[in-house]
Amino acid sequence: MSANGVPTIELNDGNGIPQLGLGVFKVDAGDTARVVAEALELGYRHIDTAQMYGNEAGVGEAVRGSGLPRDEIFVTSKLNNGNHRPDDARRSFEETLAALGLDHVDLFLIHWPRATQAGDAYVDVWRTLEELQAEGGARSIGVSNFLVAHLEKLAEETETVPAVNQIELHPFFQNAEVKAYGEARGIATEAWAPIARGGSLLEEPAIVKIAASHERTPAQIVLRWHVERGNIVFPKSARSERLRENLSLFDFALEADELARIDELDEGEPGRTGPHPDAFG
Ligand SMILES: NC(=O)c1ccc[n+]([C@@H]2O[C@H](COP(=O)([O-])OP(=O)(O)OC[C@H]3O[C@@H](n4cnc5c(N)ncnc54)[C@H](OP(=O)(O)O)[C@@H]3O)[C@@H](O)[C@H]2O)c1
C-alpha cells in the first residue's frame, strides 16, 4: 500500500500498479496538464491516457513538472487503432514517448483488438509489444477490450501473458466471462467507465441507499465495490471536488450483503454503455 492509502496490485510480470488512478478520456488537451497536476498533488499516482485521447502531452507535462520521482507515478498509454501493422506499432509507441516527454511508460496496451477489421493482426502487434517490453520502453504490456477468443489466440501463438485486460466494467455490465478468464490466468482486470460515465447508475436506488447508510456518495460506493472486487479503476473527472471524492475510498468498507446487492445489478450485455469489441476499431 502506498502513502495515500491506495493498495498496490502485483501484476503477473512482478510490477506493481496502484489500484486507483485517474483516467483522462475526454479531458481537453489544453486542460490536461492542470487536471493531472492537481490529481498528483491530491495523491493520485496512476494516470491512464491513450494516443486516441490526444492529451498525452499534457499528462507528460504534469508528470515531469510534479517534482515526484518518476518511479512513483504509474503512466499507461494505448496504441491507436490505425497502427496495427508491426512497424506502425513501433513508430506509434515512439510517438507516445515523444508526446509524453518520458523515456518509458509503465504500461502500454493494445487499445482495441480490431479483429473484425484486421483479422488476427493483433497477434503480430502483440509480438511488437513484447519487444518494446524487452527493450525497456514499456515496463508492462497488456491489452484492452479483448474478448476471450482474442486472449485464447494470444495464448496459443505468443509467449507473454498480458499483464492486464482493460475492459468496460461497472455494476450494470460486470463483463463476467472476460473477467473470470483473466482471473484464472493471472491477467488483472482494469475496469473502464467504472461509474458508468456518471449516468443513471449513480441514481440507482440500491446504490443511493447504501451511500446514505455510509454517509458517502453513490460514486464512492460504486468505486469501493470495484476495489473490493479486485478491479483496477481510474475514474475520470476534471473537477477538483470529484478528484478528491473519488480518491477517498480507503477509510470505509462495504458489508458482504451490500457487495452482493451491487452484484445483483448486473444486466449483462444490455448494460454495456460503449461499443462491443467486435464492432469497434
Ligand atoms: N480502453 C478503453 O477503450 C476505454 C474506454 C473508455 C474509458 N477508458 C478509460 O477509463 C477511464 C474512465 O472511464 P470514463 O471516463 O469513460 O467513465 P467514468 O470514469 O465512469 O465516468 C466519467 C464521468 O463521470 C463524471 N464523474 C466523475 N466523478 C464523478 C462523481 N464523483 N460523481 C458524479 N459524476 C462523476 C465525470 O464528469 P466530470 O469530469 O465533469 O467530473 C465524467 O462525465 C477513462 O478516462 C479512460 O482512461 C478506456
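Is I167 buried or exposed? Select I167 in this predicted model to begin the tour. The residue belongs to strand 8, which spans residues 164-168. I167 has a relative accessibility of 3%, and it therefore counts as buried, since the cut-off for that class is under 20%.

Next, add L259 to the selection and display the C-alpha atoms of both residues. I167 and L259 stand 92 residues apart along the chain, and their C-alpha atoms are separated by 20 Å.

Now select the ligand. The ligand occupies the largest pocket. Display the residues around the ligand: the shell numbers 29, and those that come nearest are D48, S144, K236, S237 and R242. By class, the shell comprises 14 nonpolar, eight polar and seven charged residues.

Within that shell, highlight helix 10, residues 240-247. Helix 10 contributes three residues, the most given to the shell around the ligand.

Then turn to individual polar atoms, starting with R242. A polar atom in the side chain of R242 is placed 2.8 Å from a ligand oxygen atom. Move to N246, where an N or O atom of the side chain lies 3.0 Å from a nitrogen atom of the ligand. Finally, select I195: here a polar atom of the backbone is 3.0 Å from an oxygen atom of the ligand.

With these contacts on display, switch on the surface of the ligand. On its own, the ligand has 910 Å² of accessible area, of which the protein covers 89%.

Conventions. Residues are numbered from 1 along each chain as its sequence is written. This is a predicted model: local features need pLDDT of at least 70, side-chain atom pairs count only at pLDDT 80 or more; totals for chains, interfaces and linings use all residues. Side-chain values use heavy atoms; hydrogens and water are left out. A residue is near a molecule or strand if one of its heavy atoms lies within 4 Å of it. A polar contact is a pair of N or O atoms within 3.5 Å; within protein, one must be able to donate a hydrogen and the other to accept it, and residues adjacent in sequence count only if both atoms are side-chain atoms. Accessible areas come from the Shrake-Rupley method with a 1.4 Å probe; for residues, only the protein chains shown count as cover. On a 1 Å grid over the protein atoms alone, a cavity is a set of points where a 1.4 Å probe fits but cannot get out, and a pocket is an open set with protein on both sides within 12 Å along at least five of seven lines; lining residues have an atom within 4 Å of a point. A molecule sits in a cavity or pocket if more than half of its atoms lie within 2 Å of its grid points. Helices (H or I, at least four residues) and strands (E, at least two) are DSSP runs, numbered from the N terminus. Ala, Val, Leu, Ile, Met, Phe, Trp, Tyr, Cys and Pro count as nonpolar, Asp, Glu, Lys and Arg as charged, and the others, Gly among them, as polar. Buried means under 20% relative accessible area, exposed over 50%, partly exposed in between (1.4 Å probe, protein chains only).
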